[in-house]
Amino acid sequence: MTGKIGRILAVVAAGSLLAVSSSGIASASPAGGKGTSSTQAVAAQVLQLRDDLTKVAYAGDVGLTRGDLEKLSPVLGDLASGKRYQIQSETQQLSSAAKERADESNRLLADPTATPRQLPPLPLPPVPDLPGPLKIVSDLLKAVLGAVTGILGGLLGSLPVPPLPVPALPVPVPGK
């Protein structure tokens, strides 16, 4: 009888320990954030999409830039809606602004003769100008890249956000 009670107590104790430790993992969030492990997963996805967009945009590839914007836009929409991921309201607002700029960039790349809409400026870190074929949407794409970097800051909390993989700008040679 004592053996049965001992086993029951051991199972209850192990179950309680497992429940407490797994609940800590499930609700883990970056410092200053209110997200979950799914928020951390979307942060990794947004980082990958941002880096892919940066690489193709600075390579001047219009088609791949459009494709990456099309992949990024729904993720930004999910973040902006706040329904799928629990993030801070500032990050939701930045996601909404970034999505608007990504959609506008995609629209202009699809039809270069279209008239661009004037969107309010975003307080973002400086991003270098894009090369020739994407000059028409340079400011919009720079705003998207800056906003996505800001969104990553909100998603990752206290973790450092990797810098944009922007190629080095050519250094002017004096006297030439």
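**Figure 1. Ser73 sits in helix H3, which spans residues 62-81.** We begin with a close-up of one serine in this predicted model. Ser73 has a relative accessibility of 8%, so it counts as buried, the cut-off being under 20%. Look around Ser73 and you will find Lys99 and Asp103 touching it, once residues up to four places away in sequence are set aside.

**Figure 2. The whole protein chain, for orientation, has 5 helices and 0 strands.** Following the sequence from start to end, you will read the pattern α-α-α-α-α. The chain has 176 residues, and 34% of them are buried. How much of the contact set with a separation of 6 or more comes from residues 24 or more positions apart? Such pairs account for 62% of those contacts. The accessible surface of the chain amounts to about 10,100 Å², and carbon and sulfur atoms hold 63% of that area.

**Figure 3. The largest nonpolar core brings together 35 residues.** Good places to start in this view are Val46, Leu79, Leu141 and Leu155, the members that touch the most other members of the core. At least two core residues come from each of helix H2 (37-58), H3, H4 and H5. Which helix gives the most to this core? That is H5, with 10 residues.

**Figure 4. Leu141, one of the core residues that touch the most other members, is shown with its contacts.** Neighbours within four places in sequence are left aside here, and Leu141 is then in contact with Leu53, Ala57, Thr65, Leu69, Ser105, Leu130 and Leu134. When you trace these contacts in the structure, Thr65 and Ser105 are worth picking out alongside the leucines and Ala57.

**Figure 5. Val148 is a residue of helix H5.** Is Val148 buried or exposed? With a relative accessible area of 1%, Val148 is buried, because that value falls under 20%. Beyond its neighbours within four places in sequence, Val148 is in contact with Val46, Arg50, Leu72 and Leu76. Val46 may look familiar, as it is among the core residues that touch the most other members. For the partner Leu76, the sequence separation from Val148 is 72 residues, while the C-alpha to C-alpha distance is 8.5 Å.

**Figure 6. The largest pocket holds about 430 Å³ of space.** Its lining is made up of 19 residues, and those closest to the pocket centre are Arg101, Leu119, Asp139, Leu140 and Ala143. Two helices, H4 (89-110) and H5 (138-156), are the elements that give two or more residues to the lining. H5 gives the most, with 5 residues. Sorted by class, the lining contains 13 nonpolar, 2 polar and 4 charged residues. Helix H5 is thus a handy landmark in two views: it gives the most to the lining of this pocket and also the most to the largest nonpolar core.

**Figure 7. Asp139, one of the residues closest to the centre of the largest pocket, is viewed on its own helix.** The residue lies in helix H5. Is Asp139 buried or exposed? Its relative accessible area is 59%, which is over 50%, so Asp139 is exposed. To place it against another part of the chain, find Ser105: the two are 34 residues apart in sequence, and their C-alpha atoms are 9.2 Å apart in space. You may recall Ser105 from the list of residues in contact with Leu141. Compare this view with that of Val148, which also belongs to helix H5 but is buried.

Definitions and conventions. Residues numbered from 1 in each chain as written. Predicted model: local features only at pLDDT ≥ 70, side-chain atom pairs only at ≥ 80, totals over all residues. Heavy atoms only, no water. 1 Å grid on protein atoms, 1.4 Å probe; cavity = no way out; pocket = protein on both sides within 12 Å on 5 of 7 lines; lining within 4 Å. Points joined across faces, edges and corners; volume = space filled by probe spheres on them. Helix = DSSP H or I, 4+ residues; strand = E, 2+ residues; numbered from the N terminus. Nonpolar A, V, L, I, M, F, W, Y, C, P; charged D, E, K, R; others polar. Buried < 20%, exposed > 50% of the residue type's maximum accessible area, 1.4 Å probe, protein only. Contact = heavy atoms within 4.5 Å. Core = buried A, V, L, I, M, F, W, Y, C linked by side-chain atoms within 4.5 Å. Areas by Shrake-Rupley, 256 points an atom, 1.4 Å probe, with all protein chains shown as cover.
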